[in-house]
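Me: Hi! I have just opened this entry and would like to get to know it step by step. Could you walk me through it?

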Amino acid sequence: MTNVAVIYYSSTGSTHRLAVAAADAAAAEGAEVRLRRVSETAATGRPGSEEHAASVADIPEATPDDLQWADAILLGTPVHFGLAAPQLMQFINTSSALSIQGELLNKAVSAFASGSAEHGGQVTAILALHNAICHWGSVIVATGSADPVLYEKNNGNPYGASTVAGNRAGFIHPENAGAIAYQTRRTLHVAAALKAAEGVRAAA
């Protein structure tokens with residue numbers, strides 16, 4: 001069985017909905033799943049943020065143990081000035097001890113994002129998270145362009161699923177749910193291959 005951690009930060013709910021879709025897709029594939037939210041570090045003041053925080057209070061907060069436990073990791077973020085949210089980056093900053101010890105080597109890691117505007121930084125936020133994945137020594141899993149779902153009207157980048165939420169708190173397009181499900185399955189397949197290869201190496 002593959003262990004999957006879906007770790008995300010969401011202010012008003014769009015990234016949360018992508019994360020839930022990822023967790024559901026992983027569970028449907030028979031994976032052991034941990035859905036984990038990153039804690040808030042400061043009030044954002046964005047409309048709907050207080051209501052969203054109250055609605056997800058029962059979801060456990062992410063810890064470095066979730067990274068160590070997982071074979072596959074999906075990281076989700078809203079766009080903050082073209083970058084990943086500082087709340088998620090603060091969590092990633094807690095991973096140094098694991099990273100330096102090589103505990104995150106060869107894990108399959110993928111990233112997804114939500115933003116308010118088309119071409120508003122979703123791709124750059126995903127690519128910024130790829131930088132952290134490189135420091136972990138993990139394997140970046142991109143969506144690529146090989147599945148029909150990626151050509152649906154509201155999808156369309158090869159880096160990771162993303163949504164254009166506009167000013168609609170908690171909104172994602174149905175096509176985006178399909179894209180994140182495909183991305184999750186792809187990440188699981190890569191994680192399973194890496195895990196199998198490690199088993200062969202250990203047995204040699």
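**Around Val 6**

Me: Happy to begin in the middle: leaving aside neighbours within four places in sequence, which residues is Val 6 in contact with?
Reply: Keep in mind that this is a predicted model. Val 6 belongs to strand E1, on a side where Val 4 and Tyr 8 are buried too. Once its neighbours within four places in sequence are set aside, the contacts of Val 6 are Ala 19, Ala 22, Ala 23, Arg 34, Leu 35, Arg 36, Leu 74 and Phe 112.

Me: Which residue of E2 is the bridge partner of Val 6?
Reply: Strands E1 and E2 (residues 32-37) run parallel and are joined over six bridges. One of the pairs puts Ala 5 with Arg 34. For Val 6, the bridge partner in E2 is Leu 35.

Me: And which residue of E3 does Val 4 stand opposite?
Reply: E1 also pairs with strand E3 (residues 72-80), again in the parallel sense, over five bridges. In E3, the residue opposite Val 4 is Ala 72.

Me: How many residues of strand E1 are buried?
Reply: Look at the two faces of E1: Asn 3, Ala 5 and Ile 7 are buried on one side, and Val 4, Val 6 and Tyr 8 on the other. The strand is therefore largely enclosed by the rest of the structure. Of the six residues in E1 (residues 3-8), the number buried is six.

**The helix and the core**

Me: Is the β-α-β unit of E1, H1 and E2 right-handed or left-handed?
Reply: H1 (residues 14-28) comes between the two strands in this unit. The helix has 15 residues and spans 21 Å from first C-alpha to last, close to the 21 Å expected. Together, E1, H1 and E2 form a β-α-β unit that is right-handed.

Me: Which element supplies the largest share of the largest nonpolar core?
Reply: The largest nonpolar core has 27 residues, and Val 4, Val 6, Leu 35, Phe 112 and Ile 180 have the most contacts inside it. E1, H1, E3, strand E5 (108-115) and helix H7 (174-203) each give at least two residues to this core. The largest share, six residues, comes from H1.

Me: How many residues are in the other core, with Val 79 and Ala 84 among them?
Reply: This core lies apart from the one just described. Ile 92 and Leu 98 are also among its members. Its number of residues is 26.

**A glycine in a loop**

Me: Is Gly 13 buried or exposed?
Reply: Gly 13 sits in the loop between E1 and H1. Its C-alpha atom is 8.7 Å from that of Ala 53, although the two are 40 residues apart along the chain. The relative accessible area of Gly 13 is 3%, and the cut-off for buried is under 20%. Gly 13 is therefore buried.

**The whole chain**

Me: What radius of gyration does the protein chain have?
Reply: Let us step back to the chain, with its seven helices and seven strands. Its C-alpha atoms fill a box of roughly 55 × 40 × 30 Å along the principal axes. A compact globule of 204 residues would have a radius of gyration near 17 Å, so there is agreement with the chain's value of 16 Å.

Me: What percentage of the residues in the protein chain is buried?
Reply: Among contacts with a separation of 6 or more, 77% link residues 24 or more positions apart. Out of the 204 residues in the chain, the buried ones make up 50%.

Definitions and conventions. Residues are numbered from 1 along each chain as its sequence is written. This is a predicted model: local features need pLDDT of at least 70, side-chain atom pairs count only at pLDDT 80 or more; totals for chains, interfaces and linings use all residues. Side-chain values use heavy atoms; hydrogens and water are left out. Buried means under 20% relative accessible area, exposed over 50%, partly exposed in between (1.4 Å probe, protein chains only). Helices (H or I, at least four residues) and strands (E, at least two) are DSSP runs, numbered from the N terminus. Two strands pair if DSSP finds at least two bridges between them. A crossover is right-handed if, with the strands pointing away from the viewer, the path from the first strand over the helix to the second runs clockwise. The expected span of a helix is 1.5 Å times one less than its number of residues. A nonpolar core is a set of buried Ala, Val, Leu, Ile, Met, Phe, Trp, Tyr and Cys residues joined through side-chain atoms within 4.5 Å. Contact means heavy atoms within 4.5 Å. The radius of gyration is taken over C-alpha atoms; the globule rule is 2.2 Å times the number of residues to the power 0.38.
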